[in-house]
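Please look at the sequence and the three-dimensional structure shown below. The paragraphs after them guide a reading of this structure step by step.

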Amino acid sequence: MKTDAPDTGTEVEDSGFKPLSAAEAQAWRQRHPPVSIWRIVAGQALVGLLAALVAWGATGRSHVAWSTGYGALAVVLPAALFARGMARQRSSAGGALTGLFGWELVKIALTVAMLAAAPRLVPGLSWLALLAGMVVTMKTYWIALMAGSGVRKPID
């Protein structure tokens with residue numbers, strides 16, 4: 001009788017997975033340093049400020065600049081709160097995952113609350129400018145991650 005159960009010994013060998021030695025792992029960490037979340041949040045704040053200044057310069061209307069800036073703030077403030085919450089060390093993987101989902105929920109709720117409050121807080125609100133400020137600021141995150149994840153050549 002033939003069984004279809006795979007042989008676990010050959011499956012591991014065939015997968016192409018090779019564990020790193022301690023020296024290889026250390027070399028990998030040196031080539032791929034972690035990206036600071038605070039640096040990303042600061043970059044988002046700077047880009048949001050620049051977007052508001054560009055909106056003001058392009059339109060000559062202060063309410064458009066305030067709308068763009070508030071859109072950026074609706075991204076930066078929740079991101080900073082998320083970063084602060086995630087900066088705490090968790091003792092278990094489950095605790096880290098719970099923290100991730102919990103702080104992500106807080107981040108989304110704060111963003112929605114800020115958007116709901118926007119008409120009362122920003123005089124002459126331009127929703128299009130607010131949306132532009134949010135999108136430009138959010139895209140900064142991806143650019144920072146791509147720029148920060150550049151692979152460095154190993155030193156031989």
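The explanation below moves from the chain as a whole to its core, its pockets and four individual residues.

The model is a predicted one. What elements does the chain contain? There are six helices and zero strands, and, read along the sequence, the pattern is α-α-α-α-α-α. The chain has 156 residues, and 24% of them are buried. Its accessible surface comes to about 11200 Å², and carbon and sulfur atoms account for 68% of that surface. The contacts in the chain also show how distant parts of the sequence meet. Among contacts with a separation of 6 or more, 70% are between residues 24 or more positions apart.

The next topic is the interior. In soluble globular proteins, nonpolar side chains tend to be buried together. Which residues make up the largest nonpolar core here? This core has ten residues in all: Tyr70, Ala74, Val75, Met114, Ala117, Ala118, Val122, Leu125, Leu130 and Met134. Three elements give two or more residues to this core, namely α4 (62–86), α5 (93–121) and α6 (127–148). Leu125, one of the core residues, can be examined through its contacts. When its neighbours within four places in sequence are left aside, Leu125 is in contact with Ser67, Ala118, Pro119 and Leu130. Of these partners, Ala118 and Leu130 are also members of the core.

The structure also contains open spaces. Rolling a probe the size of a water molecule over the atoms shows where empty space is left. The largest pocket has a volume of about 300 Å³. Its lining consists of 17 residues, and those that lie nearest its centre are Gln44, Val75, Ala79, Lys107 and Met138. Two or more lining residues come from each of the elements α3 (37–59), α4, α5 and α6. The largest share, five residues, comes from α4. Sorted by class, this lining has 13 nonpolar, two polar and two charged residues. Val75 therefore belongs both to the largest nonpolar core, whose members are buried by definition, and to the lining of the largest pocket.

The second largest pocket has a volume of about 250 Å³. It is lined by 14 residues, with Leu49, Ala52, Ala65, Trp66 and Gly69 lying nearest its centre. The elements that give two or more residues to this lining are α3 and α4. Here, too, the largest share comes from α4, which gives eight residues. The classes in this second lining are eleven nonpolar, three polar and no charged residues.

Four residues now serve as worked examples, beginning with two in helix α3. Is Arg39, which is found in helix α3, buried or exposed? Arg39 counts as exposed because its relative accessibility is 69%, and the cut-off for exposed is over 50%. Although Arg39 and Tyr141 are 102 residues apart along the chain, their C-alpha atoms are separated by 9.9 Å. Ala45 also lies in helix α3. Ala45 counts as partly exposed because its relative accessibility is 36%, a value between the limits of 20% and 50%. From C-alpha to C-alpha, Ala45 and Val76 are 6.1 Å apart in space, while in sequence they are 31 residues apart.

The third example, Phe82, has its place in helix α4. Phe82 is buried because its relative accessible area is 15%, and buried means under 20%. Which residues does Phe82 contact, leaving aside its neighbours within four places in sequence? They are Leu100, Trp103, Glu104 and Lys107. Lys107 is also among the residues that lie nearest the centre of the largest pocket. Phe82 and Val106 are 24 residues apart in sequence, with 7.6 Å between their C-alpha atoms.

The last example is Leu115, which lies in helix α5. Leu115 is partly exposed because its relative accessible area is 24%. Its contacts, apart from neighbours within four places in sequence, are with Ala74, Trp127, Leu130 and Met134. Among these partners, Ala74, Leu130 and Met134 are members of the largest nonpolar core. The C-alpha atoms of Leu115 and Leu130 are separated by 9.1 Å, and the two residues are 15 residues apart along the chain.

Terms used:
Residues are numbered from 1 along each chain as its sequence is written. This is a predicted model: local features need pLDDT of at least 70, side-chain atom pairs count only at pLDDT 80 or more; totals for chains, interfaces and linings use all residues. Side-chain values use heavy atoms; hydrogens and water are left out. A nonpolar core is a set of buried Ala, Val, Leu, Ile, Met, Phe, Trp, Tyr and Cys residues joined through side-chain atoms within 4.5 Å. Buried means under 20% relative accessible area, exposed over 50%, partly exposed in between (1.4 Å probe, protein chains only). Helices (H or I, at least four residues) and strands (E, at least two) are DSSP runs, numbered from the N terminus. Contact means heavy atoms within 4.5 Å. On a 1 Å grid over the protein atoms alone, a cavity is a set of points where a 1.4 Å probe fits but cannot get out, and a pocket is an open set with protein on both sides within 12 Å along at least five of seven lines; lining residues have an atom within 4 Å of a point. Grid points are joined across faces, edges and corners, and a volume is the space filled by probe spheres set on the points. Ala, Val, Leu, Ile, Met, Phe, Trp, Tyr, Cys and Pro count as nonpolar, Asp, Glu, Lys and Arg as charged, and the others, Gly among them, as polar. Accessible areas come from the Shrake-Rupley method with a 1.4 Å probe; for residues, only the protein chains shown count as cover.
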